[in-house]
Structure formats: structure tokens, C-alpha cells
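Q: Please take a close look at one part of this structure, the aromatic cluster and its setting, and then relate it to the rest of the chain.

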Amino acid sequence: MLHRLPLSQATLHGYFSRDLEPALTIAPGDSVRFAVPNSSWYVEPENKFVPRDPTLDVGHALVGPIGVRGARIGQTLVVRIDEVKPASWGVTYTKPPHLVRWQLSDGIGRGAGRTVRLAPFLGVLGMPPAEPGVHSTVPPRPCGGNIDCKELVAGSVLFLPIPVDEALFSAGDGHAAQGDGEISGTAIECPVEAQVTLDLRDDFPIQWPIARTTASWLTFGFHEDLGKAAGIAIEGMLDLMQREHGLTRSDALALGSVVVDLRVTQIANKTLGVHAVLADAALG
């Protein structure tokens, strides 16, 4: 079944909390279509959306939370990204007061006298931590959040460990294009229209996010220390290689050293991100 969440104060929030009431509750396997402002709550270059509670909604503009019936702590949430459609404009900030304004159309971004190819995705895809209270949207966590991975375009699937019953999934932070690392701290920040399909799995236990693209497996690690983030991503990839390819741990490590690529997901969010990539074509 396809559901729609309108762009309204009732469907947007700017923080994570297990105490937020769902804006919508769906059955596993249902799809949700929605619109969301850019990360700074702008729906047009000069038109900022007013949040419900300016004292709480200080983070990224997120749609949701979306409850999933039957979702339980310890299960895996399956997030299929069906579509991400950017608006006709976007901005990239560096150190104030500099910014680049972009015109977006036909898969091309035009800004600073140059053109770039667009590959739109949602920077924030995740659930609230299990701990009570209000949590920032800025850091990525084991349950997802501000992952900022440019590989999570339409057609990709993200797997997240569920920390709270009903999952309470939220999404936002539309990016029309971004490089690995997001080195200025922002990508092409833009409003988007998007659609995701949410499902549950009991047979795919994980502790950190994993993604499946059209041609690769990705495992993620987040930590304030980049080396430790890389270590988490590597351990996740070795687990995956053992499970998917029936390898011993030692063989997974040896083969991984030959065919697995490590990429810096982002350095913009204090909690740094690394993803390990195993291309389908890498192992015969």
C-alpha cells in the first residue's frame, strides 16, 4: 500500500526522540511518499518553513516519525529508497558568508559557473536511540540518522538495527549531489520529494547499518575517531562476507584486503563516517 505524508507542521520535526508520536503508522512492506524542506527548513530560497516547536526543532527538517506495525527491538528495518526527486534549486555553504546557489534541472546542477551531474539522495535515514529524551539530528548512529552516504540513491536498500518498538523511522536532508567526505560540511542542500518502502527482517541480525546498492554491499562505521570508524566498517564487512560467501574469518580478511574499498562517508558531523564497499564483480 502507498501512503502519503503532506508537507505540514504535523509531519515534520527537527530532533530524534522515542517519545515522538508517529505521524503515520504503516504495515511492513508499505510505501510512503513525502516532501521535505532542505536541511535548514527552506522550501524556497527565501521561504523558510516554520517548525512546530522552534525550541526543539533545531536540527535537520525530518519527515515522520513513521511507525511500522510489529517492529520490535532487535529486528532489522529494511528501507528501500524508491525515488528521490530534488527541487529546482539548492545551496552549498562553506565558511560564512560564502555560498553557491544552484539551479537544478534535467539531472544537471549549475552553480559557480560550472555544471555537475546530479545523484540525489536523503542524507538522514534513521530512528531514535533507545535512550529517552531529545537527541540531535547531527551525528549518525548505529540506528542510522545523518549518514550522508552518496551511494544511497534510488534503487538502494538500507538495513538498520531497530532500537525502539514500531521503529519510528524519519528521513530528510535532501542532497542533489555530494562527494565522498562532504568536505565543506554541506552538499547541494535542497528540498526533495521522495518515496521509501519499509519492511522488517528477523533473519538478518546486524549491529550497524548495512546497505545494498545495485552492484555492491556497503557496511558503515561511525565514530569521532576516523580509524575507529573504519574498524567498525571493516568488522561489519567481514561479518557480511562470512554470511554471504561462506568464508572463514581469516579468508574474509585476506580477500577483503584485496577487494574491499574503504571510503570516507563524511567528515562533516563530528561523528565521522566510513563505509566499506564490496562490489559484486570483485569476487568470482
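**The aromatic cluster and its surroundings**

A: In this predicted model, Phe 159 has a relative accessible area of 6%, and because the limit for a buried residue is 20%, Phe 159 counts as buried. Its partner Phe 204 is buried as well, with a relative accessible area of 2%. A search of the whole structure finds 5 aromatic pairs. In the pair formed by Phe 159 and Phe 204, the ring centres are 4.8 Å apart and the planes meet at 55°, so the pair is classed as tilted. Phe 159 belongs to strand E16 (residues 157–161), while Phe 204 sits in the loop between strand E18 (192–201) and strand E19 (210–212); the pair therefore ties together parts that are 45 residues apart in sequence. Ring pairs also bring in Trp 217, so that Phe 159, Phe 204 and Trp 217 are linked into a cluster.

Strand E16 leads on to a residue with a notable backbone. Leu 168 is located in the loop between E16 and strand E17 (169–175). Its phi is positive, at about 55°, although Leu 168 is not a glycine. Most residues other than glycine have a negative phi. Leu 168 is buried, with a relative accessible area of 5%. Lys 270 likewise has a positive phi, of about 65°, without being a glycine. Lys 270 occupies the loop between strand E21 (261–266) and strand E22 (272–279). With a relative accessible area of 73%, Lys 270 is exposed, whereas Leu 168 is buried.

Thr 271 is found in the loop between E21 and E22, where Lys 270 is also placed. Thr 271 is buried, at a relative accessible area of 15%. Apart from neighbours within four places in sequence, Thr 271 is in contact with Pro 139, Pro 140, Phe 222, His 223, Glu 224 and Gln 266. The C-alpha atoms of Thr 271 and Ile 147 are separated by 9.8 Å, and these residues are 124 residues apart along the chain.

Ile 147 also serves as a reference point for Pro 129: the two are 18 residues apart in sequence, and their C-alpha atoms are 14 Å apart in space. Pro 129 lies in the loop between strand E13 (121–126) and strand E14 (140–141). Its relative accessibility is 7%, so Pro 129 counts as buried. Leaving aside neighbours within four places in sequence, the contacts of Pro 129 are with Phe 16, Arg 18, His 135, Arg 141, Cys 143 and Val 164.

Two peptide bonds deserve attention. Most peptide bonds are trans. The bond joining Gly 64 and Pro 65 is cis, with omega about -5°. Pro 65 is part of strand E7 (residues 62–68). A cis bond also runs from Pro 96 to Pro 97, with omega near 10°. Pro 97 is placed in the loop between strand E9 (89–93) and strand E10 (99–105).

Gly 64 appears again among the contacts of Thr 11. Leaving aside neighbours within four places in sequence, Thr 11 is in contact with Leu 5, Pro 6, Ala 23, Leu 62, Val 63 and Gly 64. Thr 11 itself is in the loop between strand E1 (2–5) and strand E2 (12–13). At 5% relative accessibility, Thr 11 counts as buried.

These local features belong to a protein whose secondary structure comes to 2 helices and 22 strands. Among contacts between residues at least 6 apart in sequence, 74% join residues at least 24 apart. Buried residues account for 53% of the 284 residues. A compact globule of 284 residues would have a radius of gyration near 19 Å, and the protein agrees with this at 18 Å. The C-alpha trace spans about 55 × 45 × 35 Å along its principal axes. The protein exposes about 12,500 Å², of which carbon and sulfur atoms supply 53%. The protein has 23 positive and 31 negative charges, and the mean positions of the two sets are 4 Å apart.

Methods. Residues are numbered from 1 along each chain as its sequence is written. This is a predicted model: local features need pLDDT of at least 70, side-chain atom pairs count only at pLDDT 80 or more; totals for chains, interfaces and linings use all residues. Side-chain values use heavy atoms; hydrogens and water are left out. Helices (H or I, at least four residues) and strands (E, at least two) are DSSP runs, numbered from the N terminus. The radius of gyration is taken over C-alpha atoms; the globule rule is 2.2 Å times the number of residues to the power 0.38. Buried means under 20% relative accessible area, exposed over 50%, partly exposed in between (1.4 Å probe, protein chains only). Contact means heavy atoms within 4.5 Å. Accessible areas come from the Shrake-Rupley method with a 1.4 Å probe; for residues, only the protein chains shown count as cover. Lys and Arg count as positive and Asp and Glu as negative; His and the chain ends are not counted. The place of a charge is taken as NZ of Lys, CZ of Arg, CG of Asp or CD of Glu. Rings of Phe, Tyr and Trp (its six-membered ring) pair if their centres lie within 6.5 Å; planes under 30 degrees apart count as stacked, over 60 as edge-to-face and the rest as tilted.
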